[in-house]
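Biologist: Thanks for sitting down with me over this one. Could you walk me through the fold, one question at a time?

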Amino acid sequence: MIKGIIFDFGYTIYDPDKQSLLPEVLALLEKLKGKFKLALISRTADPEKRLQQIEELGLNKWFEAVAVTPKGENKDLEQFLEKLKLSPEETLVVGDRVDSEIRQGNLLGMQTAHFNYGPRQEIKPQSEAEKAKFEINNLAEIENLIL
């Protein structure tokens, strides 16, 4: 049973091209908050700027844990298991990159949902580790997976 959800930032809940949250994000977070432990992860060339952006978007109130790492470093999803006191099996990772958050989530034994959105949706899995358990085209579909 899913008890926690880790969302990727870029092209998962935020569209950098439009410089805005995806339309369904706030309604989804409203439904999930209190029912699930929520976390947000991002990789960027400027972590301080990204943390400021997350704050300005008002996202901190929705997430129990937020981590921003420098670009080029692996996203460390394992840190969220400790922070949220969850097992990998109880955790769903939602992201747009099969070669990053989906791969790492799978290797840790987490549930994974690949969000087919943005410029990286054309990247196809190169190994079993990059194949998500679920494929979604709209974030609202997460409700069908976990509620």
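Modeller: Gladly, and let me start with strand 4 (residues 37-44), in a model that is predicted. Of the 8 residues in strand 4, 6 are buried, so the strand is largely enclosed by the rest of the structure.

Biologist: How many bridges join strand 1 to strand 4, and which residue is the bridge partner of Asp-8?

Modeller: Strand 1 and strand 4 run parallel, with 5 bridges between them. Asp-8 takes its bridge partner from strand 4, and that partner is Ile-41.

Biologist: Which residue in strand 5 does Thr-44 stand opposite?

Modeller: Strand 4 is also joined to strand 5, by 6 bridges, and these two run parallel. Within strand 5, the residue opposite Thr-44 is Pro-70.

Biologist: Through which helix does the chain cross from strand 4 to strand 5, and is the crossover right-handed or left-handed?

Modeller: After strand 4 the chain passes through helix 2 (residues 47-56) before it reaches strand 5. That makes a β-α-β crossover, and its hand is right-handed.

Biologist: Is Thr-69 buried or exposed, and which residues is it in contact with, leaving aside its neighbours within four places in sequence?

Modeller: Thr-69 belongs to strand 5 (residues 65-70). Its relative accessible area is 12%, and buried means under 20%, so Thr-69 counts as buried. With neighbours within four places in sequence left aside, the contacts of Thr-69 are Ser-42, Arg-43, Thr-44 and Pro-47.

Biologist: Let's turn to backbone angles. What is the phi of Tyr-11, and is the residue buried or exposed?

Modeller: Tyr-11 sits in the loop between strand 1 (4-8) and strand 2 (14-15). Its phi is near 60°, which is positive although the residue is not a glycine. The relative accessible area of Tyr-11 is 9%, so this residue is buried.

Biologist: And Gln-19: what is its phi, and is it buried or exposed?

Modeller: Gln-19 is in the loop between strand 2 and strand 3 (20-21). Here too the residue is not a glycine, and its phi is positive, near 50°. At a relative accessible area of 64%, Gln-19 is exposed.

Biologist: Which strands do the buried residues of helix 4 pack against?

Modeller: Helix 4 (residues 98-108) has several buried residues, among them Val-98, Ile-102 and Gly-105. Just after helix 4, Gly-109 has a positive phi of about 90°. As for the packing, the buried residues of helix 4 lie against strand 1, strand 4, strand 6 (91-95) and strand 7 (111-115).

Biologist: Stepping back, what pattern does the protein chain follow along the sequence, and what is its radius of gyration?

Modeller: The protein chain has 5 helices and 8 strands. Along the sequence they follow the pattern β-β-β-α-β-α-β-α-β-α-β-β-α. The globule rule gives 15 Å for 147 residues, and the chain comes close to that, so it is as compact as a globular protein of that length, with a radius of gyration of 14 Å.

Biologist: Last one: what percentage of the residues count as buried, and what area does the protein chain expose?

Modeller: The C-alpha atoms fill a box of roughly 35 × 30 × 25 Å along the principal axes. Among the 147 residues, 49% count as buried. Carbon and sulfur atoms supply 46% of the exposed area, which is about 7,600 Å².

Methods. Residues are numbered from 1 along each chain as its sequence is written. This is a predicted model: local features need pLDDT of at least 70, side-chain atom pairs count only at pLDDT 80 or more; totals for chains, interfaces and linings use all residues. Side-chain values use heavy atoms; hydrogens and water are left out. Helices (H or I, at least four residues) and strands (E, at least two) are DSSP runs, numbered from the N terminus. Buried means under 20% relative accessible area, exposed over 50%, partly exposed in between (1.4 Å probe, protein chains only). Contact means heavy atoms within 4.5 Å. Two strands pair if DSSP finds at least two bridges between them. A crossover is right-handed if, with the strands pointing away from the viewer, the path from the first strand over the helix to the second runs clockwise. The radius of gyration is taken over C-alpha atoms; the globule rule is 2.2 Å times the number of residues to the power 0.38. Accessible areas come from the Shrake-Rupley method with a 1.4 Å probe; for residues, only the protein chains shown count as cover.
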